[in-house]
Amino acid sequence: AGARCPRWPLLGLFLVLGRPLAVVGGTRLSRSPISRVIRLLNKLEQKVVDDGKKEDEEFDRFMCYCKTNARKLSKSIADAQAKLPSLQSTIKEGVAELQRLKGENAEAKRDLAS
C-alpha cells in the first residue's frame with residue numbers, strides 16, 4: 001500500500017519557470033491568473049523601459065538641435081549687430097539722396113513749366 005496516484009491521473013500542476021500550469025495529457029490548459037498578471041506587468045515594464053529609451057534618444061537629438069541652432073542664431077545676431085552701424089549709415093545716405101533727388105525733380109518740373 002504505497003503512495004497512490006491522484007484521482008485524476010492526467011491532470012497535474014507543474015511549475016515552469018516559477019509559473020504554475022495546468023496540464024492535461026501533456027497539453028497546457030491555461031496559466032494561473034497571478035502568472036498572467038505577472039507576465040502582463042513584465043511586458044508593461046519592458047514597454048515603459050523601451051519608451052524611456054526612445055524618449056531619451058529624442059531628447060538628446062532635440063538638445064543637439066537646440067545647441068546647434070542656438071550657436072547659429074547667436075552668430076547670426078552678432079553678425080547683424082556688427083552690420084547695424086553700416087546699415088544705419090547707408091539708410092541716412094539713402095534718405096539724403098532721396099531728398100536731393102526730390103529737390104532736383106521739383107526744380108526740373110518748375111523749369112519745364114516755365
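Which residues form a nonpolar patch on the surface, and how much accessible area do they have together? The legends below address this question and describe further views of the structure, which is a predicted model.

**Figure 1. The nonpolar surface patch of the predicted model.** Val37, Leu41, Leu44 and Val48 make up this patch on the surface. Together, these four residues have about 370 Å² of accessible area. One of them, Leu44, belongs to helix α1. Leu44 has a relative accessibility of 47% and therefore counts as partly exposed, since that class lies between the buried limit of under 20% and the exposed limit of over 50%.

**Figure 2. The patch of negative charge on the surface.** Five residues gather here: Glu55, Asp56, Glu57, Glu58 and Asp60. Among them, Glu58 is placed in helix α1, which covers residues 33-113. The relative accessible area of Glu58 is 46%, so Glu58 is described as partly exposed.

**Figure 3. The elements of the protein chain.** The protein chain contains three strands and one helix. Followed along the sequence, these elements appear in the pattern β-β-β-α. The helix, α1, comprises residues 33-113.

**Figure 4. Burial and accessible surface of the protein chain.** The protein chain has 114 residues, of which 4% are buried. About 10500 Å² of the protein chain is exposed. Carbon and sulfur atoms supply 62% of that exposed area.

Key. Residues are numbered from 1 along each chain as its sequence is written. This is a predicted model: local features need pLDDT of at least 70, side-chain atom pairs count only at pLDDT 80 or more; totals for chains, interfaces and linings use all residues. Side-chain values use heavy atoms; hydrogens and water are left out. Patches are made of residues with over 30% relative accessible area and no salt bridge: like charges are joined within 9 Å, nonpolar side chains (Val, Leu, Ile, Met, Phe, Trp, Tyr) within 5 Å. Accessible areas come from the Shrake-Rupley method with a 1.4 Å probe; for residues, only the protein chains shown count as cover. A salt bridge is a side-chain nitrogen of Lys or Arg within 4 Å of a carboxyl oxygen of Asp or Glu. Lys and Arg count as positive and Asp and Glu as negative; His and the chain ends are not counted. The place of a charge is taken as NZ of Lys, CZ of Arg, CG of Asp or CD of Glu. Helices (H or I, at least four residues) and strands (E, at least two) are DSSP runs, numbered from the N terminus. Buried means under 20% relative accessible area, exposed over 50%, partly exposed in between (1.4 Å probe, protein chains only).
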